[in-house]
Amino acid sequence: MDYKDLADKIFPNAKDISYYEEKYPERNLKEGAIVTRFAPSPTGFVHIGGLYQATLAKKLAKQTGGVFFLRIEDTDQKREVENGITGIIDALNDFGLTPDEGMQNETEEKGNYGPYKQSLRKEIYQAYAKYLLAQGKAYPCFCTPEDLEEMRQKQEAAKIRPGYYGVWAKCRNLSVEEMMEKIEKGEEYIIRLKSPGNPEKKIKHHDVIKGNIDFPENDQDIVIIKSDGLPTYHFAHAVDDHLMHTTHVIRGDEWAASVPLHLQLFQVLGFKPPKYAHIAPIMKQEGDTKRKLSKRKDPEAAVSYYSEIGVPKEAVLEYLLNIANSNFEIWRKQNKDKSVEEFDLQLNKMGVSGALFDMVKLLDISKNVISRYDAQTVYNETKKWASKYDTELEKILDKDLTYTMKVLGMERGNVKPRKDIAKWSDIRYQTAYMFEELYEQAQEEYEYQTITDKKEIQAILENYLTVYDEQDDKQTWFDKIKDVAEKLGYAREVKEYKLNPDKYPKGHVGDVSTVLRVSLTRRANTPDLYEIMKILGKDVIQKRYQEILSK
RNA sequence: GGCCCCGUGGUCAAGCGGUUAAGACACCGCCCUUUCACGGCGGAGUCAUGGGUUCGAUUCCCGUCGGGGUCACCA
């Protein structure tokens, strides 16, 4: 009896690996093409860190004429969530990160290297496990969880390195006969790798992001096939990325420590290892320590959060790209109108330690992104957002489209466009005074600035109303305001006032127009008043001023 | 604790043996302007620390301190 018999005993139906090797041939891509993937567990939740990885992966594949695919890692059935795959695919699509291959929805997939869902690849993993078993490079382990726990405690008490290795690996030295016998008896078992490593020796590894790292060799006989017949992450990673011909594994740096194991797995299996790019996580400051952005504690960890508050996808992507390659913002400054597609991302320019997530910076990028949009785009995006999160606003915007477009187009498309909208949810507040419904329901407190006397305010409004003519061009319009100012004893020109403030105790024309502004909008800060009045129209202006006059 | 990685202003960061140590966000001031925003100009603020190596260290080496990661039949 030998290992071959043992392998047949354990996996009698598994195919020879040559079948899979032929079935999944080398990809026919040009030199330098990067094949990479996003490989999440189907929890439905997409973390900003996951989006970050996917963004980089997709971008790199695209830049090099390679392939970006989506593989679902559902080997831990305890973590399974209903419709988890859909959630991931939707998020990816939302951000324009549609994979070239892989799962398309809960059950369907696209591409020649599938299945792209690990639970469907069980027989493939078993074929490779059998291959290892037959060579004596893997073995069944009959230790129970209790045995392992006991072992761990002993190791801990003795203050030695924990794990299943060397003399602690009880089952590795069982004879084939003994193993057969236990199997016959129906003892439960899992399959472990018989690690050939020696921790006294170092392996050299070059990480695409982190550079050269030396690790001790792995000597842990890690589990490759669990008792449910499914592989562990490590084994699935080696088999899948080999068969799917991944050239670059882009993943979070919590995996960096597993590199010795993974390299060993590739070596034992006779595979060519991929390049690894370990990405530093996005962090959050908590007290005086940093930690990874947490799904449970931080709403901003979920990509859905950005959709909810209405930050354009493009802004999130630009922010992520900026964290990845800090020269991105220089590029952006020089190429204001180009698509991010044209930016050349470089993995080796990435930072090696985790950056603190900066919402303020994100919002600033978002302001810039939105400032580049035309009114139509702003409308489209706001409507898309509002239809989900603010249907009242949606209705208001759709009531009179021509009018809405005018409002959203205010000071837009200029050389120096306004940058006061960071997210679609800001629209409601920023344009409140332009829509009667919003204006009326927002009974916010408002303050006049320099001129606060009620009589004085009324005098200004009254005078203004008598001269106001909708047809006036901007110059005429403002000249009339100057006239009013002068008539009521204010300085006609601000400059004049600044020269001789004593001559004008009441103030200047700027103060007068502030009264006009605040009376009309309840805001001290607005875009150009002339434009606002133009769009609002005579009736609304009169109505709002009369209301104040009648008080 | 073992192993691995990291340590430039409040944040993101350029830098790779000789620099007045870029830039962006935030902050402050001024200018522009009928307000705000935009824009322009200016300001404050950083090489964790101690030893080496060197004519010269933010850059190279070692220690210390600090931070992060990892040590599952989870990924």
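**Figure 1. P115 is found in the loop between strand 4 (109–110) and helix 5 (122–134).** This is a predicted model. A cis peptide bond joins P115 to G114. Its omega is about 0°. Most peptide bonds are trans.

**Figure 2. Two residues other than glycine, N83 and K159, have a positive phi.** N83 has a phi near 55°. Its place is the loop between strand 2 (67–70) and helix 4 (84–94). The relative accessible area of N83 is 47%, so the residue counts as partly exposed. For K159, too, phi is near 55°. K159 sits in the loop between helix 6 (145–157) and helix 7 (176–184). Its relative accessible area is 77%, so K159 counts as exposed. Most residues other than glycine have a negative phi.

**Figure 3. Q264 is a buried residue of helix 9.** The helix spans residues 259–269. Q264 counts as buried because its relative accessibility is 7%, and the cut-off is under 20%. Beyond its neighbours up to four places away in sequence, Q264 touches L193, S195, P196, G197 and N218.

**Figure 4. Y306 and F357 form a tilted aromatic pair.** By the rule used here, the aromatic pairs number 21. In the pair of Y306 and F357, the ring centres are 6.4 Å apart. The planes meet at 55°. Y306 belongs to helix 10 (residues 303–309). F357 lies in the loop between strand 14 (355–356) and helix 13 (359–371). The pair therefore ties together parts that are 51 residues apart in sequence. Both Y306 and F357 are buried.

**Figure 5. Ring pairs link five residues, Y19, Y20, Y128, F266 and F271, into a cluster.** Two rings elsewhere in this view set have a charged residue over the face. K295 lies over F45, at 4.7 Å from the ring centre. R522 lies over Y439, at 4.0 Å from the ring centre.

**Figure 6. RNA strand B is surrounded by 54 residues.** The closest are K226, W255, K361, R418 and T526. Of the atoms of RNA strand B that come within 4 Å of the protein, 70% belong to sugar and phosphate. The surface near RNA strand B holds 23 nonpolar, 10 polar and 21 charged residues. Strand 8 (residues 211–216) gives the largest share of this surface, with 4 residues.

**Figure 7. S41, Y233 and R418 place polar atoms by RNA strand B.** From S41, a polar side-chain atom lies 3.0 Å from a sugar or linking oxygen. Y233 uses its backbone: an N or O atom lies 3.2 Å from a phosphate oxygen. R418 reaches a base oxygen, with a polar side-chain atom 2.5 Å away.

**Figure 8. Helix 23 (residues 529–536) is mostly covered.** Of its 8 residues, 6 are buried. These are L529, Y530, I532, M533, I535 and L536. They pack against several helices. Among them are helix 16 (401–408), helix 19 (454–467) and helix 20 (474–487). Helix 22 (509–521) and helix 24 (538–549) are packing partners too. Just after helix 23 comes G537, with a positive phi of about 85°.

Technical notes
Residues numbered from 1 in each chain as written. Chains lettered and ligands numbered in written order. Predicted model: local features only at pLDDT ≥ 70, side-chain atom pairs only at ≥ 80, totals over all residues. Heavy atoms only, no water. Helix = DSSP H or I, 4+ residues; strand = E, 2+ residues; numbered from the N terminus. Buried < 20%, exposed > 50% of the residue type's maximum accessible area, 1.4 Å probe, protein only. Contact = heavy atoms within 4.5 Å. Phe/Tyr/Trp six-rings, centres within 6.5 Å; stacked < 30°, edge-to-face > 60°. Lys NZ or Arg CZ within 6 Å of the ring centre and 35° of its normal. Near = heavy atom within 4 Å. Polar contact = N/O pair within 3.5 Å; in protein donor to acceptor, adjacent residues only side chain to side chain. Nonpolar A, V, L, I, M, F, W, Y, C, P; charged D, E, K, R; others polar.
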